[in-house]
Amino acid sequence: MKIPIIRDVLEESDALARQNLERFNSEGIYVVNMMSSPGAGKTTLLERTISELKSKGLKCAVIEGDITSTIDSEKLAHLNIPIVQANTQPFGGDCHVGSHLVHAALKMLPLHDLNYIFIENIGNLVCPAEFYLGEHIKIVVLSLPEGEDKPVKYPLMFRECKACLLNKMDLLPHLDVDIPLLNKNLVHVNGELTVFPVSAKTGSGFPAWIDWLESRRSNVAKVAIRELEQAN
Amino acid sequence: MRVAPNQRVASSNVRPEEVTNVALRVGQLDAVMPEALSEMFNLYRSNFNLPNAQLTIEEEAVSCRCKDCDAQFSLDTPVFVCPHCFGCRVQVMRGRGITLMEITISETEHEDTYHS
Ligand SMILES: Nc1nc2c(ncn2[C@@H]2O[C@H](COP(=O)(O)OP(=O)(O)O)[C@@H](O)[C@H]2O)c(=O)[nH]1
Ligand SMILES: [Mg+2]
Ligand SMILES: [Zn+2]
């Protein structure tokens, strides 16, 4: 006898993610899930992005999911912002941040006093793309030394994301990377991806990225205010 | 990954041992390798509390709709470009997600329990 079921295997994970999102929205926090392969520059980009946002008076926190130890958290410590280390396996282990980890991390953050939460996902272009955490936006970092073919090799990652930070642009003179081919691959995998060539090292490309991020955040905030007005 | 139809099985009066097959549908866009998933299922079968179950996996091809000209088409390579208007604003309609489709339970055993 066959019993039809038709249920999404990830429905529990997604339900928890939606709870996370409701919480973010009720607190007016914009949440960014940042993903990349190891070493593409997530931590360094966050360092600079958060410094710039801080100088505009915005309050940020980080959920640090990347594997092993507290190296990344220590790198961000000088920013004096709340950081939750979500992964405590001393030798690594998990391949992605799950919605339950984000849920648990929220208990440790001053939610009433934040504009942004950045989730640094685990370095991996495969698994993190599969999981919705309740974030408002997924961003993929691709650094130039990784090669032009990565979008085509990891299509789900590049399709799930709204923007791609093309990092380490400062290295361009030293590399053989074919930028037109890279752009073509990005467009072919996701023609709606917004691409920001940046350097976390020099800060090049940052004004456009920060403005874009701020406009996304204010759009979400406007929707939230409209909903609040309609409810009253 | 949690393949856990146990709750539903319990609620419909089926004992876990009676489950002979679990059918999953896996989108080709997902990074799931059917062979690896089957292998894992075999290794962890007892953890799932389904000692007699097989896992069958159906792969779902990726199909899309063009947001510009509304054409529908399927993909065999990760080039999300409309073959009709060459537009790049393409929505994935199928081929994403992991779905538990159905479970099969052994009829004989089930009848036995029913009559007893
Ligand atoms: N030249 C250059 N190096 C960078 C840039 N961004 C990051 N790095 C370096 O790349 C390495 C990995 O960066 P990290 O931020 O730890 O990457 P993560 O693993 O993605 O968090 C470090 O040595 C960084 O200093 C960049 O824009 N240019
Ligand atoms: Mg890092
Ligand atoms: Zn078209």
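**View 1. Chain A as a whole matches the size expected for a compact globule.** With 232 residues, such a globule would have a radius of gyration near 17 Å, and chain A, at 18 Å, agrees. The radius is taken over C-alpha atoms, and the globule rule is 2.2 Å times the number of residues to the power 0.38. The C-alpha trace of chain A spans about 60 × 55 × 40 Å along its principal axes. Chain A holds eight helices and eight strands. Helices (H or I, at least four residues) and strands (E, at least two) are DSSP runs, numbered from the N terminus. Of the 232 residues in chain A, 50% are buried. Buried means under 20% relative accessible area, exposed over 50%, and partly exposed in between (1.4 Å probe, protein chains only).

This is a predicted model: local features need pLDDT of at least 70, side-chain atom pairs count only at pLDDT 80 or more, and totals for chains, interfaces and linings use all residues. Residues are numbered from 1 along each chain as its sequence is written, chains are lettered from A and ligands numbered from 1 in the order written, and side-chain values use heavy atoms, without hydrogens or water.

**View 2. Chain B has three helices and six strands.** Along the sequence, the pattern of chain B reads α-β-α-β-β-β-β-β-α. Buried residues account for 41% of the 116 residues in chain B.

**View 3. Ligand 1 has 17 residues around it.** A residue is near a molecule if one of its heavy atoms lies within 4 Å of it. Gly39(A), Lys42(A), Thr43(A), Thr44(A) and Asp170(A) come nearest to ligand 1. Helix H2 (residues 42-55) of chain A gives the largest share of this shell, three residues.

**View 4. Polar contacts link ligand 1 to chain A.** A polar contact is a pair of N or O atoms within 3.5 Å. A backbone N or O atom of Gly39(A) is 2.8 Å from an oxygen atom of ligand 1. For a backbone N or O atom of Ala40(A), the distance to a ligand 1 oxygen is 3.4 Å. Thr43(A) uses its side chain: an N or O atom there lies 2.8 Å from an oxygen atom of ligand 1.

**View 5. The cysteines form zero disulfides over all chains.** A disulfide is a pair of cysteine sulfur atoms within 2.5 Å. Why does Cys164(A) have no bond to Cys161(A)? Their sulfurs are 8.0 Å apart, too far for a bond, although Cys161(A) has the closest cysteine sulfur. Cys164(A) is buried, at 0% relative accessibility. In chain B, the sulfur of Cys88(B) is 8.6 Å from the closest cysteine sulfur, in Cys85(B), also too far.

Notes: Polar contact = N/O pair within 3.5 Å; in protein donor to acceptor, adjacent residues only side chain to side chain.
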